[in-house]
Amino acid sequence: RSRTGRTFLVDIIMAEVKSVTCRAPVNIAVVKYWGKRDEKLILPLNSSLGLTMNMDDLCATTTIQASSAFTEDRLWLNDSPEPISKRFRACVDKARSVARECLRGDDAHTLDWNVHVCSRNNFPTAAGLASSAAGYACLAY
């Protein structure tokens, strides 16, 4: 059966979808650490100081959907498709691993579903406001 055209749309419409949306605040680094003293433990070389902003003003909103109809994991940032990075893949794989330890019963089969992740910032991305940290906080939650 073809996964294109009308057949695929029917599969999506008939498929079960699990969805969750999370918001996380943005952090501004005032004093940023420079490097790591321990790469394995991910310990910073020096201390840092940051300010967490009010979520009414600056935040990331991330929606994660899982479905048996999705043929691959996908990511969108501010409505633009993005390639799946090693970092993103590691986070999704770790979330699935942790969930396998906790989820039992009727919903356990959903851990084999692919996910679609859409993250939006209500501020300019790549402006020094830790937008990826806010998005990953949502994903990890």
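Leaving out neighbours within four places in sequence, Thr110 is in contact with Lys18 and Leu103. In this predicted model, Thr110 sits in the loop that runs between H2 and S9. Is Thr110 buried or exposed? With a relative accessibility of 12%, Thr110 counts as buried, because the cut-off for burial is under 20% relative accessible area.

**The sheet**

From that loop we can move on to the sheet. Five strands make up an open sheet with mixed pairing, and their order is S1-S6-S9-S7-S8. Strand S1 (17-25) and strand S8 (80-82) stand at the edges; each has a single partner strand, so one side of each is left without a neighbour in the sheet. From one strand to the next, the twist averages 20°.

The table below walks across the sheet, pair by pair.

| Strand pair | Sense | Bridges | One bridge pair |
|---|---|---|---|
| S1 and S6 | antiparallel | nine | Ser19 with Gln65 in S6 |
| S6 and S9 | antiparallel | eight | Thr62 with Ser119 in S9 |
| S7 and S9 | parallel | four | Leu75 with Val117 in S9 |
| S7 and S8 | antiparallel | three | Leu77 with Ser80 in S8 |

The parallel pair deserves a second look. Strand S7 covers residues 74-77 and strand S9 covers residues 114-121. Besides the pair shown in the table, Arg74 has His116 as its bridge partner in S9. Which residue in the turn between S7 and S8 has a positive phi? The two strands form a hairpin with two residues between them, and Asn78 in that turn has a positive phi of about 50°.

**Helices on the sheet**

Helix H2 (residues 86-102) lies across S7 and S9, and its direction is at about 120° to S9. Helix H3 (residues 131-140) also packs on the sheet, where it touches S1, strand S6 (59-67) and S9. The direction of H3 makes about 40° with that of S6.

Arg89 is a good residue to pause at on H2. Arg89 has its place in helix H2 and is partly exposed, with a relative accessible area of 28%. Setting aside neighbours within four places in sequence, Arg89 is in contact with Asp73, Ile84 and Arg96. Take Asp73 from that list: Arg89 and Asp73 are 16 residues apart in sequence, and their C-alpha atoms are 8.9 Å apart in space.

**The nonpolar cores**

In soluble globular proteins, nonpolar side chains tend to be buried together. Here, the largest nonpolar core has 10 residues: Ile64, Ala66, Leu75, Phe88, Cys91, Val92, Trp113, Val115, Val117 and Leu139. Which elements give two or more residues to this core? They are S6, H2 and S9. H2 gives the most, with three residues. Apart from this core lies another, of five residues, among them Cys22, Ala60, Ala134 and Cys138.

Leu75 ties several of these themes together. Leu75 belongs to the largest nonpolar core, and its bridge partner in S9 is Val117, which is also listed in that core. Not counting residues up to four places away in sequence, Leu75 touches Ser80, Pro81, Glu82, Pro83, Ile84, Phe88 and Val117. Of these contacts, Phe88 and Val117 are among the members of the core.

**The largest pocket**

Finally, let us turn to the open space in the model. The largest pocket holds about 630 Å³ of space. Its lining has 23 residues, of which Val20, Ile64, Ala66, Leu111 and Val115 lie nearest the centre. Ile64, Ala66 and Val115 also appear in the largest nonpolar core. The elements that give two or more residues to the lining are S1, S6, H2, S9 and H3. Which element supplies the largest share of the lining? That is H2, with five residues.

Terms used: Residues numbered from 1 in each chain as written. Predicted model: local features only at pLDDT ≥ 70, side-chain atom pairs only at ≥ 80, totals over all residues. Heavy atoms only, no water. Pairing = 2+ DSSP bridges. Axes fitted to C-alpha atoms, helices over the stretch in contact; angles between N-to-C directions. Contact = heavy atoms within 4.5 Å. Buried < 20%, exposed > 50% of the residue type's maximum accessible area, 1.4 Å probe, protein only. Core = buried A, V, L, I, M, F, W, Y, C linked by side-chain atoms within 4.5 Å. 1 Å grid on protein atoms, 1.4 Å probe; cavity = no way out; pocket = protein on both sides within 12 Å on 5 of 7 lines; lining within 4 Å. Points joined across faces, edges and corners; volume = space filled by probe spheres on them.
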